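Hi everyone, thanks for coming along. I'd like to walk you through one structure today, so please have a look at it while I talk.

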Amino acid sequence: MGLSTSERKLRIRRRIRKVSVGTAERPRLSIFRSNSAIYAQVIDDNNGVTIAAASSRDKELVKAKGTKIEIAALVGKAIADKATKAGIEKVAFDRGGNLYHGRVKSLAEGAREAGLKF
């Protein structure tokens with residue numbers, strides 16, 4: 001009688017949020033992954049403000065061809081570009097209860113390549 005997948009993911013998400021809180025100096029890079037798309041936001045939790053956001057459903061990325069993992073890397077580069085334009089270099093990574101594997105890992109590596117530090 002174990003936990004369902006969604007309950008387990010929710011517990012992991014809450015445990016991560018205890019540790020990674022976004023500040024103005026070091027905001028939180030939050031990732032949400034659905035079956036078809038992946039979304040990333042840079043959030044300042046102290047002020048409750050989203051500083052930058054990117055997703056695979058953005059106009060410039062919808063046209064991109066490739067696997068979901070390749071598109072996730074493009075989303076990582078897009079969020080890093082938007083964050084650096086907003087003056088942010090360091091972020092706290094919040095994988096949102098997902099395992100650091102596949103699309104989440106690809107997004108993180110794409111963001112690192114584009115200059116975001118975490």
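Let me start with how we describe helices. Axes are lines fitted to C-alpha atoms, for helices over the stretch in contact, and the angles between them run from 0 to 180 degrees, taken between N-to-C directions. Two packed helices are described by the angle between their axes and the distance between the axes. Please also keep in mind that this is a predicted model.

With that in hand, find helix 3, residues 68–85, and helix 4, residues 103–113. They pack at an angle of about 40°, and their axes are 7 Å apart. The crossing of helix 3 past helix 4 is right-handed. Who meets whom here? On the helix 3 side we have Lys-68, Ile-69, Ala-72, Ala-73, Val-75, Gly-76, Lys-77, Ile-79 and Ala-80, and on the helix 4 side Arg-103, Ser-106, Leu-107, Gly-110, Ala-111 and Glu-113. Sorted by character, the residues of this contact are eight nonpolar, three polar and four charged.

Now let's turn to the sheet. Strands of a sheet pair through backbone hydrogen bonds, either parallel or antiparallel. In our model, four strands form an open sheet in the order 3-2-1-4, with mixed pairing. Strand 3 and strand 4 are the edge strands, each pairing on one side only. From one strand to the next, the twist averages 20°.

Where does the mix come from? Strand 1, residues 28–33, pairs with strand 2, residues 38–44, in the antiparallel sense over six bridges. A hairpin of four residues joins strand 1 to strand 2. Strand 1 also runs parallel to strand 4, residues 92–94, with three bridges joining them.

A nice residue to follow is Ser-30, which sits in strand 1. Opposite Ser-30 in strand 2 stands Gln-41, while the bridge partner of Ser-30 in strand 4 is Asp-94. Next along, Ile-31 stands opposite Ala-40 in strand 2.

Is Ser-30 buried or exposed? Its relative accessibility is 14%, and the cut-off for buried is under 20%, so Ser-30 counts as buried. Leaving out residues up to four places away in sequence, Ser-30 touches Tyr-39, Ala-40, Gln-41, Ile-43 and Asp-94.

Compare that with Thr-23, in the loop between helix 1, residues 5–19, and strand 1. Thr-23 counts as partly exposed because its relative accessibility is 23%. With the same sequence neighbours left out, Thr-23 touches Asp-44 and Asn-46. And for a sense of distance, Thr-23 and Ser-106 lie 83 residues apart in sequence and 25 Å apart in space, C-alpha to C-alpha.

Last stop, the core. In soluble globular proteins, nonpolar side chains tend to be buried together. The largest nonpolar core here has 20 residues, and those touching the most other members are Leu-29, Val-42, Val-75, Ile-79, Leu-107 and Leu-116. At least two core residues come from each of strand 1, strand 2, strand 3 (49–55), helix 3 and helix 4. Which element gives the largest share? That is helix 3, with six residues.

Let me finish with Val-75. Not counting residues up to four places away in sequence, Val-75 touches Ile-38, Ala-40, Ala-54, Ser-55, Ser-56, Leu-61 and Leu-107. Try finding those contacts yourselves on the screen, and thanks for listening!

Definitions and conventions. Residues are numbered from 1 along each chain as its sequence is written. This is a predicted model: local features need pLDDT of at least 70, side-chain atom pairs count only at pLDDT 80 or more; totals for chains, interfaces and linings use all residues. Side-chain values use heavy atoms; hydrogens and water are left out. A crossing is left-handed if the near helix is turned anticlockwise from the far one by less than a right angle, and right-handed if clockwise. Contact means heavy atoms within 4.5 Å. Ala, Val, Leu, Ile, Met, Phe, Trp, Tyr, Cys and Pro count as nonpolar, Asp, Glu, Lys and Arg as charged, and the others, Gly among them, as polar. Two strands pair if DSSP finds at least two bridges between them. A nonpolar core is a set of buried Ala, Val, Leu, Ile, Met, Phe, Trp, Tyr and Cys residues joined through side-chain atoms within 4.5 Å. Buried means under 20% relative accessible area, exposed over 50%, partly exposed in between (1.4 Å probe, protein chains only).
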